[in-house]
Amino acid sequence: MSMLDLEKMQGAWQQRNQRLEATLKLDIDNVRSRLQHGTASAFKRHLRWLKLEAAFGGATLIALLTFVISARSDALYLAASVPLIAMALFSFGTDIQHWQILSRLDFSAPILQVRAVLDAVRARRLLVAKWIALSACLLWLPLIAVLFKAAFGLDLLRGLHISVIAVNLALGVLLILIGLFVFGWFTKRFAHAPAFQRFIESASGSSFSAARASFEFEADFAASLDSNDAQTVLTQQQQSQWPAQANAPLRQLRRAILFGIFFWAILVFGSAIFNVQNGGNAHALVPGIFLHLFIVMQMIAGIVHRQLLSILGAKCALPLAKQIQSVQQMAHWRGNVARLSIVLTPLLALALVQVCANAIYSIDLYQVASPILAIAAIGSALLIALAHYISWRVTATRFAQDSSNAATFGALKMTKRLLVALERAP
């Protein structure tokens, strides 16, 4: 090969490399432009949701203040309204503050500066969500009482037995203390766990979580460009694509979970009405409260499950591998809740029989049966529950799996179908 031929070959190689570099640069510019547009659109959607939340919160606050003015001579309803006004003011003020901060946020600023602002916003939103969840049991009775008083003029608080108010107050305060302890323990132990981090993102609001995830993906893209690893960036961008065959299983799963949430919500109101009607009757109130707490646990599990689903789908900025990991951890967690429900079945059956006999036939089975028989039934239920727990820890039978799936209205099996569809994605 002559020197002239070698120079021609080197020139051809250089031209080819220049064309490849130009194409790659064009692709990178296109990806960067699409990511920036996606982040801007996601935050615009979140700001629209914030306006709606602020409008609803402002209307709620005005309604409560109007009620307080009209009932200013009634100390009992003033006391019931104060915590509701405080919570409404806290939530409304947070929405207004966040709208002001995010509407002025400059995404062209340094990434660390933008992240610091978003972290502060998320922390404040999490604080609101945490206190709404913690105080839900304490505030549901004042909320209903104020609503009935304002809408229908019914004095619900004075019509209730004092034990109902006392139990609601004691249980509400107890659950706040337990919730603070559990949340603190989880935060310390699982602060850096991916599943816990994704749950925190979901708890801060689905629209904010989606907008923040879009910004983080854009930031990771920019960081990868700085390290001159463009091919990895483009591969990561391709891996973030949600497979079309997973859309149908995801929709079915969301519908099943939503049905379960509505089902348990109806039972929550039913058990609450039963407990209110049986104030002062410990034989009915104790199993009624036990059933009520179990139903609330199921409803919260469904809400958390559906909230975690909000980070999935074609609009999610997370890579597909992380979305699959989220679904796997979600299925494991929901399965544990379902199995715990199966373990509690013997105790729930006793409580349900006592509640139904009292509600339908006005019969107190505890008084009808002898104390020895009642103690034997409760002891047997505890032993069976313990045996279920031990068998669950040792091995998972087909019956236990089917029972757990039934307890979630098929959500566990649908989650597995979703996983199969995701793992088969090219």
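This text walks through a predicted model of one protein chain, from its overall make-up to individual side chains.

Start with the whole chain. Its secondary structure comes to 17 helices and 0 strands. The chain has 426 residues, and 38% of them are buried. The exposed surface is about 24600 Å², with carbon and sulfur atoms supplying 67% of it. Now take the contacts with a separation of 6 or more: 81% of them join residues 24 or more positions apart.

Next come the cross-links. A search of the whole structure finds 0 disulfides. Two cysteines can be placed by their accessibility. Cys-137 has a relative accessible area of 17%, so this residue is buried, the cut-off being under 20%. Cys-356, at 32%, counts as partly exposed.

Salt bridges do appear. The search of the whole structure finds 4 of them. One joins Asp-74 to Arg-158, with the closest N and O atoms 2.9 Å apart. The two partners lie 84 residues apart. Asp-74 sits in the loop between helix H1 (3–70) and helix H2 (75–103), while Arg-158 belongs to helix H5 (residues 156–159). Asp-74 is buried, at 14% relative accessibility. This bridge does not stand alone: a network of salt bridges links Asp-74, Asp-155 and Arg-158.

Helix H8 is the next stop. Glu-216 and Arg-115 form a salt bridge through their side chains, at 2.9 Å from N to O. Glu-216 lies in H8 and Arg-115 in helix H3 (residues 111–134), so the bridge ties together parts that are 101 residues apart in sequence. Glu-216 is buried, with a relative accessible area of 19%. Arg-115 is partly exposed, at 25%.

A further salt bridge pairs Arg-212 with Asp-119, the closest N and O atoms being 2.5 Å apart. Here too the link runs between H8, which holds Arg-212, and H3, which holds Asp-119; the two residues are 93 apart along the chain. Arg-212 is buried, with a relative accessible area of 9%. Asp-119 counts as partly exposed, at 32%.

Stay in H8, which covers residues 206–226, and move along to Glu-218. Is this residue buried or exposed? Glu-218 has a relative accessible area of 18%; that is under 20%, so Glu-218 counts as buried. Leaving aside residues up to four places away in sequence, Glu-218 touches Leu-35, Gln-36 and Thr-39. With Thr-39 there is also a polar contact, side chain to side chain, at 2.8 Å.

Helix H13 allows a check on geometry. It runs over residues 345–361, which makes 17 residues. At 1.5 Å a residue, H13 should span 24 Å. The C-alpha atoms at its ends are 23 Å apart, which agrees. Several residues of H13 are buried, among them Leu-348, Ala-351, Gln-354, Val-355 and Asn-358. An α-helix has 3.6 residues a turn, so residues three or four places apart point the same way. Pro-346 and Ala-357 are buried in H13 as well. Just after the helix, Ser-362 takes a positive phi of about 55°.

The last stop is helix H17 (residues 411–423), where Val-420 is found. Val-420 counts as partly exposed, at 36% relative accessibility. Its C-alpha atom is separated by 9.8 Å from that of Ile-324, a residue 96 places away along the chain.

Conventions
Residues are numbered from 1 along each chain as its sequence is written. This is a predicted model: local features need pLDDT of at least 70, side-chain atom pairs count only at pLDDT 80 or more; totals for chains, interfaces and linings use all residues. Side-chain values use heavy atoms; hydrogens and water are left out. Helices (H or I, at least four residues) and strands (E, at least two) are DSSP runs, numbered from the N terminus. Buried means under 20% relative accessible area, exposed over 50%, partly exposed in between (1.4 Å probe, protein chains only). A polar contact is a pair of N or O atoms within 3.5 Å; within protein, one must be able to donate a hydrogen and the other to accept it, and residues adjacent in sequence count only if both atoms are side-chain atoms. Contact means heavy atoms within 4.5 Å. The expected span of a helix is 1.5 Å times one less than its number of residues. A disulfide is a pair of cysteine sulfur atoms within 2.5 Å. Accessible areas come from the Shrake-Rupley method with a 1.4 Å probe; for residues, only the protein chains shown count as cover.
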